Amino acid sequence: MGVPAFFRWLSRKYPSIIVSCTEEKAKECNGIKIPVDTSKPNPNEVEFDNLYLDMNGIIHPCTHPEDKPAPKNEDEMMVAIFEYIDRLFNIVRPRRLLYMAIDGVAPRAKMNQQRSRRFRASKEGMETAEEKQRIREEILGKGGFLPPEEVKERFDSNCITPGTEFMDNLAKCLRYYIADRLNNDPGWKNVTVILSDASAPGEGEHKIMDYIRRQRAQPNHDPNTHHCLCGADADLIMLGLATHEPNFTIIREEFKPNKPKPCGLCNQFGHEIKDCQGLPKEKQGEHDQFADCPPGMEQEFIFIRLCVLREYLERELTMASLPFTFDVERSIDDWVFMCFFVGNDFLPHLPSLEIREGAIDRLVNIYKNVVHKTGGYLTENGYVNLQRVQMIMLAVGEVEDSIFKKRKDDEENFKRRQKEKKKRMKREQHSMLGGQFAPQPLGRGNRSSHQPISNPRQAIFEMRMQDRQNTVSASPNTSFTSDDSPSPAGGIKRKAEDSDSEPEPDDNIRLWEAGWKQRYYKNKFDVDASDKKFRYKVVQAYVEGLCWVLRYYYQGCASWKWYYPFHYAPFASDFEGITDMLSDFEKGTKPFKPLEQLMGVFPAASGNFLPPTWRKLMTDPESSIIDFYPEDFAIDLNGKKYAWQGVALLPFVDERRLRAALAEVYPDLTPEENRRNSLGGDVLFIGKHHQLHDFVLEQYKTSEKEPVDIPPELCHGIQGKLALNENPVLPDDKTVLMNKAAMVISNVFILSVSFKDPQYPEDYIFKAVVLSGAKKPPAVLKPGDWEKTNNDGRPWRPQLGFNRNRRQVHLDQSAFRTLGHSMPRDRGQSGSGVYSNIAPHGAYNQGNAYRPLLGRPQQQIPKLLSSKFKANSGATPLLAWNRMPHSQGPSYQQNQYQAPGGPMNYPHRPSDRRDRGRQVTKQCVVFAWASGNAMPILHASKMAYEK
């Protein structure tokens with residue numbers, strides 16, 4: 001969904017929805033990797049029933065990753081996809097269903113955004129390749145070192161589109177992967193697997209939602225099914241809320257800002273291509289084990305608990321004294337609808353609503369103020385009440401002018417702060433330590449060349465005097481030369497690149513000034529703002545888009561042909577007279593075929609994925625549709641700073657002209673291309689241990705041609721139609737095709753069969769309600785009346801994971817001190833702790849003695865004591881600071897017992913051995929052993945003992 005900052009805003013406003021994933025790692029024994037047994041209970045202390053994978057969110061980072069070197073060939077890409085799915089299955093461990101959905105042919109409204117993305121990707125890819133070649137030649141010409149350039153064709157990510165050979169090979173590889181896992185992995189043996197590849201029309205996430213909607217409408221559906229959906233798009237959160245399922249969780253990669261990326265030339269971390277110097281590769285780790293992936297670079301996952309988000313929204317949207325009955329489910333539907341105004345994949349966002357400026361909060365506040373006048377909710381089961389929406393939008397329009405002015409003020413304040421920050425950093429650079437105090441890089445050069453500091457007091461004095469002279473001589477108007485020294489009195493003109501202010505794109509609209517609406521329509525639409533007929537046309541198209549998007553989220557695709565025919569959105573104040581606008585769509589529309597969609601979204605540079613005669617239509621000057629494929633196009637920043645935030649001004653594809661041109665080249669398709677150009681369906685896989693196995697096998701034995709209903713009692717309540725597959729995977733098949741090569745799987749005991757969701761009439765309305773029998777999950781947020789109802793004064797314990805009863809780990813301050821003294825510096829070297837040979841500090845708080853946590857099992861306590869102390873509990877424990885290694889010299893022993901006021905605040909070691917016994921120790925550390933509990937108690941006490 002086109003809301004880049006939505007998840008960041010959501011996670012900051014509602015932080016308790018996030019839960020870190022616990023992942024069990026595979027172990028190695030004698031060089032053999034032992035896989036994780038996913039049949040065991042989930043380490044996240046929750047059991048999921050269904051796992052849904054939006055596969056395009058997996059395919060893209062595996063084929064062209066940003067944080068590591070790209071795979072060398074297609075086979076490595078497929079293996080990376082397999083490993084990614086294995087990780088997700090290991091974390092989630094579904095018990096009933098695994099649904100893998102790849103984006104198929106999208107509706108026409110989505111194709112416009114796909115077209116913009118692919119034209120940009122092709123243009124940026126070519127520019128990046130040219131830039132890399134130029135910098136490579138410069139570095140090699142200066143004698144720099146770069147690894148030899150691999151002879152391989154540049155991977156065009158545009159091939160991840162339905163109808164290409166890559167997507168066809170991916171479907172074959174996934175069939176092999178599913179067959180292998182069902183045949184060999186114990187965690188998969190009772191799981192039903194459904195694969196919806198790129199031949200099945202529809203976006204991946206919407207195919208998943210359509211499956212859930214149709215299963216919910218069946219009488220045998222379990223209303224307490226725990227769903228888990230994998231994907232990074234923000235619209236998955238909206239879709240999950242739209243299902244009204246009480247147990248819905250989203251798993252996604254944890255976003256880590258400023259994550260290091262490898263250089264595209266030398267594959268080293270720490271710099272970009274433009275800053276590459278061609279230096280030899282440094283050793284990463286003792287054995288260069290971190291060459292391709294530095295430590296801590298592995299991507300981690302998080303859970304988003306939508307049940308907790310529903311709690312947050314219920315609190316925020318609850319309103320008192322309503323003229324109608326408050327329904328939290330209807331309020332959540334209205335919240336989802338209002339988020340569409342901020343942006344989505346099908347409509348541009350309104351100019352006055354930016355999520356970074358708190359647009360959703362502003363809409364919610366207006367909604368709560370106006371809903372008393374509307375007399376009801378904005379939406380119902382995916383249908384919009386335009387009269388009530390008009391009241392909301394006109395209320396937003398009343399504050400549009402103040403929004404634009406505040407946006408300008410915020411931008412100016414931000415620029416001012418950035419300018420001051422740059423000046424402050426520039427001043428600090430002049431006062432940085434230099435000479436023998438300058439920082440020395442580690443790991444480079446000869447370490448023996450580093451000389452010890454000589455006469456430090458004099459050196460510091462000279463640096464201080466020099467800094468004072470620079471401060472006096474440099475007035476506020478003094479400019480600096482390129483070597484950071486003050487320029488002559490007359491000064492010199494600074495170059496453009498030395499200026500504190502960065503060049504900004506021209507903004508001809510100036511929304512913060514009067515007349516902004518006239519300038520907007522003149523610049524963006526090339527019409528006068530007084531042309532009310534045209535403005536009404538734009539608003540009507542936008543209102544149709546809002547109705548189409550909401551219907552798409554709650555009922556499915558209302559029309560495969562509809563799309564928004566403008567690049568820009570109207571203003572909220574233009575939403576007048578929308579009550580009578582029609583929101584019905586043409587029925588019976590069909591999606592494009594895969595190769596037709598490629599012609600609608602691909603630039604000419606990606607024409608190699610198309611048949612030759614089709615490709616010619618993109619490049620031939622005499623082609624009737626040559627205007628659909630411009631070699632270059634403008635990008636309107638539209639008030640933004642970066643090109644990726646701008647609007648690609650591409651011509652819209654005329655469907656009738658496109659189909660007329662393709663009709664002439666359709667006869668040129670080969671049988672293989674005709675197969676790739678056909679629309680397919682879903683395939684269901686089961687293993688030999690599945691209850692449905694014998695039922696499906698009997699269908700193949702009898703060669704039943706008609707689709708049959710799935711017995712829900714044999715398939716975890718899943719319902720639908722089964723039909724014999726043309727290329728099935730059957731028992732005793734020893735080969736499964738993977739990427740043009742026959743991969744052998746011995747002893748195959750799985751089955752594949754075509755699957756079709758339950759069918760409903762075209763005008764059927766899926767109810768957006770919580771099903772009867774659904775159990776509401778326990779509340780996670782702190783009750784608002786906790787202090788009033790909590791009579792015993794217990795503090796509120798926040799729930800950090802899925803299990804409310806999980807006991808949290810607790811360490812007292814004394815335990816942390818113990819770990820600090822006993823834990824080794826380098827793991828595996830016992831007795832080499834940070835303070836292993838230093839006694840505890842004498843300033844410990846004596847009143848904060850460690851209190852053991854009773855009732856803990858003994859095996860959970862770390863071994864803080866030596867084996868000698870275990871053998872004789874009455875002896876003094878041999879702690880790290882009691883061990884005196886033989887390598888310590890007299891100087892160390894003397895320093896350890898300094899006079900009072902020294903580093904350790906300990907008295908002198910008595911020189912006379914006879915006087916040692918009479919010495920009174922005021923501060924010492926004693927380890928006591930709690931009866932029945934193996935936890936050491938660290939406390940300070942006063943002891944006097946005589947010889």
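The exercises below, each with a worked solution, deal with a predicted model of a protein chain.

Residues are numbered from 1 along each chain as its sequence is written, and side-chain values use heavy atoms, with hydrogens and water left out. Local features need pLDDT of at least 70 and side-chain atom pairs count only at pLDDT 80 or more, while totals for chains, interfaces and linings use all residues.

**Exercise 1. Confidence**

State the mean pLDDT of the protein chain and find stretches where pLDDT stays under 50.

Step 1. pLDDT is the predictor's confidence in each residue, from 0 to 100. The mean for the chain is 78, and 75% of the residues reach 70 or more.

Step 2. Over residues 443–448 pLDDT stays under 50, and the model has 2 contacts beyond four places in sequence for them; contact means heavy atoms within 4.5 Å. Residues 825–947 also stay under 50, with 155 such contacts.

**Exercise 2. Two helix pairs**

Classify how H4 and H16 are set to each other, and do likewise for H7 and H8.

Step 1. Helices (H or I, at least four residues) and strands (E, at least two) are DSSP runs, numbered from the N terminus. Axes are lines fitted to C-alpha atoms, for helices over the stretch in contact, and angles run from 0 to 180 degrees between N-to-C directions. Angles under 35 degrees count as roughly parallel, over 145 as roughly antiparallel, 65 to 115 as roughly perpendicular and the rest as oblique.

Step 2. The axes of H4 (residues 108–141) and H16 (residues 594–601) come within 8 Å and cross at roughly 60 degrees. H4 and H16 are therefore oblique to each other.

Step 3. In this contact, Met-111, Gln-114, Arg-115, Arg-118 and Phe-119 of H4 meet Gln-597, Gly-600 and Val-601 of H16. These residues divide into 3 nonpolar, 3 polar and 2 charged (Ala, Val, Leu, Ile, Met, Phe, Trp, Tyr, Cys and Pro count as nonpolar, Asp, Glu, Lys and Arg as charged, and the others, Gly among them, as polar).

Step 4. H7 (residues 235–243) packs against H8 at about 80 degrees, with the axes 11 Å apart. H7 is therefore roughly perpendicular to H8.

Step 5. Ile-237, Gly-240 and Leu-241 in H7 meet Leu-306, Leu-309, Arg-310 and Leu-313 in H8. The division here is 5 nonpolar, 1 polar and 1 charged.

**Exercise 3. The sheet**

Give the order of the 11 strands, then locate Lys-756.

Step 1. Two strands pair if DSSP finds at least two bridges between them. The order in this open, mixed sheet is S1-S9-S8-S7-S4-S5-S6-S14-S19-S16-S15. S1 (18–20) and S15 (708–709) are the edge strands, each pairing on one side only.

Step 2. S16 (residues 721–723) and S19 (residues 751–756) run antiparallel and are joined by 3 bridges. Leu-722 stands opposite Phe-755 in S19.

Step 3. Lys-756 is in strand S19. Its C-alpha atom is separated by 5.6 Å from that of Gly-720, 36 residues apart along the chain. Beyond neighbours within four places in sequence, Lys-756 is in contact with Gly-720 and Lys-721.

Step 4. Helix H8 (residues 306–317) lies across S8 (248–253) and S9 (301–305), at about 45 degrees to S9.
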